[in-house]
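Reader: I would like a close look at a single chain of this model, taken from its overall build down to individual residues, and then set beside its partner. Please keep the account connected, so that each part leads to the next.

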Amino acid sequence: MERKEMIAMLLAGGQGSRLGILTQQIAKPAVMFGGKYRIIDFPLSNCINSGIDTVGVLTQYEPLVLTKHIGIGVPWDLDLNYGGVSTLSPFVTGNQGEWYSGTANAIYQNIKFIDSYQPEYVLILSGDHVYKMDYSEMLDYHKEKGASATIAVMEVPWEVANQFGIMNTDDNKKIVGFEEKPANPQSNLASMGIYIFNWKELRQALIEDNEIHNDSDFGMHIIPSFLNGGEEVFAYPFDSYWKDIGTIEAYWTANMELAYVVPEFNLYDNFWQIYTNSDNYGPQFVGTEADVNHSLVSKGCQVEGTVENCILSPNVKIAKGAVVKNSIIMENSVVEEGCVLDRCIISEKTTIGRNVRIGEGEDIINENKPKVYNSGISVIGMNTVVPDNVVIGKNCEVGGHTTAEHYENGHLPSGKSLIVEGGTL
Amino acid sequence: MKAVGIILAGGKKSSMGDLASHRNVAAMPVGGAYRAVDFTLSNFSHSGIKKVALITQFNTRSLFDHISSSKWWNFGRKTSGLYIFTPHMLNSDSLSFRGTADSIFQNIAFLKKSNEPYVVITSAEQVVSIDYTDVIKYHEEKGSDITMVCKDLGEADVRDYGVVSLDHNSRMLEFEEKPLFPQQSTISLGTYVIGRQLLIDLLEEVHCEGRFDFVLDILVRYRKKLVVNAYMFEGYWRTIKDVPEFYKLNMDFLNADVRNEIFEANGPVYTKPKDDPPVKYSSTCHVTNSILNGGDIINGTVENSVIFRDVFVGEGAIVKNSVIMEGCTIGNGAVVENMILDKVVSVGEGQQLIGDPENIGVIAKRSIV
């Protein structure tokens with residue numbers, strides 16, 4: 001068979017636990033973003049727009065929504081006779097099997113897949129990031145530098161450099177040192193988790209590292225072994241929009257920014273389209289009494305109420321008299337009459353009953369998951385039901401089929417979690 | 001499946017004026033994100049009819065662009081799919097299709113090579129959600145030779161349609177095309193079910209006699225020899241017959257019942273996806289009772305209108321009671337009322353385009369106002 005010059009391996013198995021209930025039932029790459037998209041659409045669209053037509057998507061955590069979304073790759077024109085998209089889940093071989101125990105371990109376990117295309121180069125991507133990048137330019141850079149590995153980096157503010165994998169480079173952008181979350185960073189060039197490797201060298205390194213570490217990881221093991229082994233590793237500087245969306249607040253802010261008049265990240269670009277698996281919903285309808293301002297609204301939505309500064313995914317219904325502000329409502333969710341929602345995220349297939357108020361009260365940090373819910377934003381999970389007439393505070397999380405008796409005096413105070421059984425896909 | 005489908009997407013429509021000067025009516029943009037043919041193709045797809053012939057001969061570029069990949073309607077299979085027939089120029093006497101029956105006759109090989117017992121013949125110029133399996137079931141129960149889908153239009157003006165009179169048992173007695181003085185209110189919707197072998201025999205017979213029209217030369221001429229029964233359709237139906245009807249048909253989508261019947265009740269209407277981003281509503285916009293589509297950026301006022309994809313409405317602009325097709329730009333402060341703007345029309349700042357509710361204005365594709 002024909003060789004592929006470069007194929008992409010997209011790591012999409014992570015949970016993204018700092019996104020709380022948003023990733024309780026789905027992997028982080030499957031979380032909706034910007035209304036109609038899921039996060040994985042960005043790297044997948046980048047691949048096809050960069051001319052990479054062979055992509056292995058490595059799944060592990062809650063893969064159902066993700067695998068259904070990707071299907072055979074039709075929306076990205078990745079349904080090809082040779083190449084295209086393949087979802088690669090952990091598997092059993094002989095009489096034993098194992099989970100993907102690290103980022104590099106996941107690639108190690110799929111060496112046969114990569115070998116079958118005999119690529120010269122392998123592009124390693126994460127399914128967690130939102131950005132547009134032409135990987136073919138990065139490959140040209142990689143070749144020009146004669147590198148064994150090239151790592152995309154971007155400048156981050158010095159004060160947060162200690163939260164990233166930091167690359168120390170010489171004047172020629174050759175990486176001379178790498179530190180994971182350094183206390184005293186020598187540089188502010190952060191790794192974006194995008195790597196191009198010469199396959200021959202990477203293959204060798206994966207096999208060798210597997211003997212040493214059973215949770216082989218790119219940042220922890222493979223990159224250091226390339227550097228220690230004297231390989232030519234270069235930094236590829238990138239200075240456009242790139243978001244990791246690690247936290248609830250970052251997720252909320254990144255979405256909200258898209259509704260700006262001229263957003264930093266432009267979805268209205270005909271020459272670098274982002275593709276997604278859109279269901280065939282009808283057109284969106286804005287009713288006679290509706291008032292929609294400063295918002296993004298997707299296909300199939302029926303808006304009869306007031307929507308201000310919101311991102312609505314496809315097929316969302318906002319009933320008459322409901323007032324929704326500063327919120328993100330995901331696919332197939334319904335906000336019934338008389339609701340008042342402020343600063344909340346409603347996940348997919350969820351129903352908010354009549355006259356429910358969310359986002360009221362004092363800004364108290366969540367008592368169970370203070371690291372997740374601390375920005376005043378309340379999050380309602382997937383397939384959740386919130387009964388009529390209840391009030392939910394700030395920094396709350398609600399999941400499952402809740403009923404009136406779950407709410408003491410019809411109230412879930414700020415900082416509380418309410419997770420019950422009954423939410424199914 | 002029991003049937004193959006035939007879509008007759010042939011005709012020229014001078015009544016559509018500029019809107020159809022550059023496109024086949026089957027490719028007419030409808031309802032914000034669709035082409036007329038999507039409704040018929042989706043009906044076939046939802047009815048489980050997997051083998052469909054589309055016969056066409058005028059202005060086919062935009063239609064073929066739209067259906068160049070048939071996978072969006074679940075066609076494009078190994079043993080079935082969408083077959084596109086245009087006049088083939090092999091014989092000196094078949095330069096073009098001389099009528100509906102002739103257009104099927106010239107592609108009779110499609111029927112002969114099939115083995116499904118029935119054929120569903122329909123048009124591509126209508127907005128309707130119909131399950132053809134119900135019509136076929138009725139056809140079998142009644143033991144009909146031909147079943148014609150009909151609708152009672154009540155008080156409406158039926159002078160532009162094929163008007164039928166039926167006996168108490170739904171058998172067609174008379175059929176009058178565009179009657180000057182209609183006596184009935186029941187019309188044929190141009191959708192028929194007929195046995196495949198019977199259709200082959202009839203097409204060969206009429207061809208020998210130099211007759212070419214399915215309605216006149218088969219349906220009407222054979223009405224006493226064959227049993228033609230009417231299947232009464234109760235749901236929403238409108239056809240793109242002229243500009244006023246095209247305008248109404250788009251405006252009908254502002255009605256929740258119509259939207260529900262067409263887009264949800266029997267499954268979605270499939271179309272070729274365009275990957276537009278969501279609609280952006282600015283903080284200065286004011287939108288009521290309207291349909292909007294992907295890629296739109298709205299800064300002004302939009303009322304009682306159907307806005308197709310990628311439309312830009314500037315600040316202070318007012319769009320009322322209008323149908324604005326893909327790619328139009330309405331400049332700041334412009335006013336558009338009671339109009340149909342074809343694709344990629346540009347209305348300059350402060351311009352006024354005001355039509356009459358009784359006589360909707362049309363601006364041709366790529367015009368600059």
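Author: Chain A has 8 helices and 35 strands, in what is a predicted model throughout. Its radius of gyration is 23 Å, which agrees with the value near 22 Å that a compact globule of 425 residues would have. Measured out along the principal axes, the C-alpha trace of chain A spans about 65 × 50 × 50 Å. Of the 425 residues in chain A, 57% count as buried, and among its contacts with a separation of 6 or more, 59% come from residues 24 or more positions apart. The area that chain A exposes is about 17,100 Å², with carbon and sulfur atoms supplying 46% of it. As for its charges, chain A carries 29 positive and 54 negative ones, and the mean positions of the two sets are 3 Å apart.

Two helices of chain A deserve a closer look. Helix 1 covers residues 41-49, and 7 of its 9 residues are buried, so this helix is largely enclosed by the rest of the structure. The buried residues of helix 1 are A:Asp41, A:Phe42, A:Pro43, A:Leu44, A:Ser45, A:Asn46 and A:Cys47. After helix 1 of chain A comes A:Gly51, which has a positive phi, near 85°.

Helix 8 of chain A, made up of residues 248-257, has 7 buried residues out of 10, and it is therefore also largely enclosed by the rest of the structure. Buried in helix 8 are A:Ile248, A:Tyr251, A:Trp252, A:Ala254, A:Asn255, A:Met256 and A:Glu257. These buried residues pack against several strands of chain A, namely strand 2 (32-33), strand 15 (242-243), strand 21 (311-312), strand 24 (328-329), strand 27 (344-346) and strand 30 (378-380).

From the helices the account turns to a single residue in a strand. A:Val324 has its place in strand 23 of chain A, which comprises residues 323-325. With a relative accessibility of 0%, A:Val324 counts as buried, the cut-off for that class being under 20%. Leaving aside residues up to four places away in sequence, A:Val324 touches A:Thr306, A:Val307, A:Glu308, A:Cys310, A:Ile318, A:Ile329, A:Val335 and A:Leu341. The C-alpha atom of A:Val324 is also separated by 6.1 Å from that of A:Asp342, a residue 18 positions away along the chain.

The loop between strand 23 and strand 24 of chain A holds A:Asn326. Although A:Asn326 is not a glycine, its phi is positive, at about 50°. Its relative accessibility is 22%, and A:Asn326 therefore counts as partly exposed. Another residue with a positive phi that is not a glycine is A:Lys181, where the angle is about 45°. A:Lys181 lies in the loop that runs between strand 12 (175-180) and strand 13 (189-198) of chain A. With a relative accessible area of 51%, A:Lys181 is exposed, since the cut-off for that class is over 50%.

It remains to set chain A beside its partner, chain B. The secondary structure of chain B comes to 9 helices and 28 strands. The radius of gyration of chain B is 21 Å, close to the 21 Å given by the globule rule for 369 residues, so chain B is as compact as a globular protein of that length. Taken along the principal axes, the box filled by the C-alpha atoms of chain B is roughly 65 × 45 × 40 Å. Buried residues make up 59% of chain B, and residues 24 or more positions apart account for 58% of its contacts with a separation of 6 or more. Chain B exposes about 14,700 Å², of which carbon and sulfur atoms supply 48%. It has 38 positive and 45 negative charges, whose mean positions are 6 Å apart.

Where the two chains meet, the contact takes 36 residues from chain A and 34 residues from chain B. Together the chains bury about 2,700 Å² between them, and 50% of this area is on carbon and sulfur atoms. On the side of chain B, the residues that lose the most area to chain A are B:Asp275, B:Lys280 and B:Tyr281, which together make up 25% of what that side buries.

Terms used:
Residues numbered from 1 in each chain as written. Chains lettered and ligands numbered in written order. Predicted model: local features only at pLDDT ≥ 70, side-chain atom pairs only at ≥ 80, totals over all residues. Heavy atoms only, no water. Helix = DSSP H or I, 4+ residues; strand = E, 2+ residues; numbered from the N terminus. Rg over C-alpha atoms; globule rule 2.2 N^0.38 Å. Buried < 20%, exposed > 50% of the residue type's maximum accessible area, 1.4 Å probe, protein only. Contact = heavy atoms within 4.5 Å. Areas by Shrake-Rupley, 256 points an atom, 1.4 Å probe, with all protein chains shown as cover. Lys, Arg positive; Asp, Glu negative; His and termini not counted. Charge placed at Lys NZ, Arg CZ, Asp CG, Glu CD. Buried area = accessible area lost by both parts, 1.4 Å probe.
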